Amino acid sequence: MTATATLSAVGGKTLSTARLSLGLPDGGLGWAVTPATVKVPPLKPGESAAAEFTLTPPPAGAGRFTVRATARTSDWSVSATRKVLVFDPPEVGARVRDDTTRGDWKGVYGGDGWELPGFGRKNPEGVVLDTAQAGGTWTWNGNSTEARALQHPTEAGRRILPSWYGDTVSFTVDTGANAKAKRVALYLVDGDGAAGGHPRDEEVSVSDAAGTVYDTFRTGHFDQGFWVAWTVKGRVTITLRKVTGANAGASGIFIG
């Protein structure tokens with residue numbers, strides 16, 4: 001990764017020749033930086049000079065770290081800090097849409113784990129599934145006969161129409177950088193749309209910790225329900241944003 005440090009002359013005095021350097025996280029253990037220092041010529045008031053450094057983290061260096069840039073002369077020194085995020089970029093496979101399974105998910109989706117809003121969760125072994133930012137929960141029908149309604153996770157013959165909801169609904173899934181890729185699926189159904197209430201349209205995106213987007217699409221109206229899935233290795237955030245309708249939502253997230 002690269003880091004740029006900028007020294008600016010503020011006030012009314014010319015800055016004498018200085019040297020810029022970076023102080024590495026964790027005392028530099030396992031980290032490397034090149035060049036070690038950069039010489040900055042004298043700067044008149046209002047002038048700036050930038051220096052670029054290459055930072056190499058240790059092999060197991062994922063996390064957030066503090067890097068300190070220091071400019072010094074024989075007479076003075078000044079420092080500033082910034083947080084840097086180090087992570088292994090995820091692998092995200094092509095999006096797959098399924099319009100036929102509808103609510104009959106058992107034996108098809110969620111072999112490793114799942115969560116249905118308001119109706120329980122099976123923790124996927126070795127996978128971190130975070131639904132803390134998924135918003136509120138709502139159940140359109142807790143005992144439905146519709147094919148679009150999901151099978152209840154524990155009660156045979158019972159179907160349910162639940163949803164997380166909010167202007168933005170997001171999930172974070174982390175399979176681990178060294179683990180096998182996993183299928184991550186969402187079931188999307190608009191419980192209001194079939195009745196002609198307030199048909200929803202959502203924007204769905206898959207991104208990494210730095211905000212790089214790997215996939216994005218619009219659902220269009222989805223009152224009959226459909227599945228969307230990706231094969232994921234690493235850490236991703238799946239975000240749903242309201243386009244039209246009362247809010248965005250998803251009726252379940254399934255791993256495997």
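Strands here are DSSP runs of E at least two residues long (helices are runs of H or I of at least four), numbered from the N terminus, and two strands pair if DSSP finds at least two bridges between them. What you have open is a predicted model, where local features need pLDDT of at least 70 and side-chain atom pairs count only at pLDDT 80 or more, while totals for chains, interfaces and linings use all residues. Residues are numbered from 1 along each chain as its sequence is written, and side-chain values use heavy atoms, leaving out hydrogens and water.

**Stop one: an open sheet**

Select strands 1, 5 and 3. They make an open sheet in the order 1-5-3, with antiparallel pairing. Strand 1 (2–8) and strand 3 (32–34) sit at the edges, each pairing on one side only. From one strand to the next, the twist averages 30 degrees (axes are lines fitted to C-alpha atoms, for helices over the stretch in contact, and angles run from 0 to 180 degrees between N-to-C directions).

Now zoom in on strand 3 and strand 5 (residues 48–56): 3 bridges join this antiparallel pair. Click Ala 32 and look across to its bridge partner in strand 5, Thr 56.

**Stop two: strand 18**

Next, select residues 201–207. Why is strand 18 largely enclosed by the rest of the structure? Because 6 of its 7 residues are buried, meaning under 20% relative accessible area (exposed is over 50%, partly exposed in between; 1.4 Å probe, protein chains only).

Add strand 21 (residues 235–244), which runs antiparallel to strand 18 and is joined to it by 7 bridges. Glu 202 has Lys 242 of strand 21 as its bridge partner.

Then add strand 19 (residues 213–218), also antiparallel to strand 18, with 5 bridges between them. Here Ser 205 stands opposite Thr 216. Finish at the hairpin of strands 18 and 19, with 5 residues between the strands: Gly 211 takes a positive phi near 90 degrees.
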